[in-house]
Amino acid sequence: MDKSGGCRMFQSYFDGKLHVQFSELLDLGHMIAVPAYGEKYFDMVDRKDFLEKLNLLLKWAWPIPQGNTVANVPRICGN
């Protein structure tokens, strides 16, 4: 996240060729808040917007692998 609250998720994999994907730029600046003593965080931010963006971030952070992710990987053994 940058100082203005912008966040983008990157993901890559290598299968002989480097593949890079990235998310849309998410504006999280309005969610940077520290509640006063006794105040709740969700009373300060838009709960629906927060949960939608959290859902998107979690989908990028924990992707579901497709196919065999270890097939045809050369193994190098030391002496």
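Phenylalanine 22 is located in strand 3. The model described here is a predicted one.

One aromatic pair was counted in this model. The pair is formed by phenylalanine 10 and phenylalanine 22, whose ring centres are 6.0 Å apart. The planes of the two rings make an angle of 40°, and the arrangement is classed as tilted. This class applies because the angle is neither under 30 degrees, as stacked rings require, nor over 60, as edge-to-face rings require. The two residues come from distant parts of the chain and are 12 residues apart. Phenylalanine 10 belongs to strand 2, which covers residues 10-14, whereas phenylalanine 22 belongs to strand 3, which covers residues 18-22. Phenylalanine 10 has a relative accessibility of 58% and therefore counts as exposed, the cut-off for this class being over 50%.

Both phenylalanines of the aromatic pair also appear in a nonpolar patch on the surface. The patch has an area of about 600 Å² and is made by Phe10, Phe14, Leu18, Val20 and Phe22. Strand 2 and strand 3 are the elements that supply two or more residues to the patch. The greatest contribution is that of strand 3, which gives three residues.

Charged side chains were examined next. Side chains of opposite charge can pair when their charged atoms come close. Two salt bridges were counted in the model.

One of the salt bridges joins glutamate 52 to lysine 48, with 4.0 Å between the closest N and O atoms. These two residues lie in helix 1, which spans residues 47-61. Glutamate 52 and lysine 48 are four residues apart, so about one helical turn separates them. Glutamate 52 has a relative accessible area of 46% and is therefore partly exposed. Lysine 48, at 60% relative accessibility, counts as exposed.

A salt bridge is also formed between the side chains of lysine 53 and aspartate 49, with an N to O distance of 3.6 Å. Lysine 53 and aspartate 49 are likewise in helix 1, and because they are four residues apart, about one helical turn lies between them. Lysine 53 and aspartate 49 are both buried, a class that means under 20% relative accessible area.

Notes:
Residues are numbered from 1 along each chain as its sequence is written. This is a predicted model: local features need pLDDT of at least 70, side-chain atom pairs count only at pLDDT 80 or more; totals for chains, interfaces and linings use all residues. Side-chain values use heavy atoms; hydrogens and water are left out. Rings of Phe, Tyr and Trp (its six-membered ring) pair if their centres lie within 6.5 Å; planes under 30 degrees apart count as stacked, over 60 as edge-to-face and the rest as tilted. Buried means under 20% relative accessible area, exposed over 50%, partly exposed in between (1.4 Å probe, protein chains only). Patches are made of residues with over 30% relative accessible area and no salt bridge: like charges are joined within 9 Å, nonpolar side chains (Val, Leu, Ile, Met, Phe, Trp, Tyr) within 5 Å. Accessible areas come from the Shrake-Rupley method with a 1.4 Å probe; for residues, only the protein chains shown count as cover.
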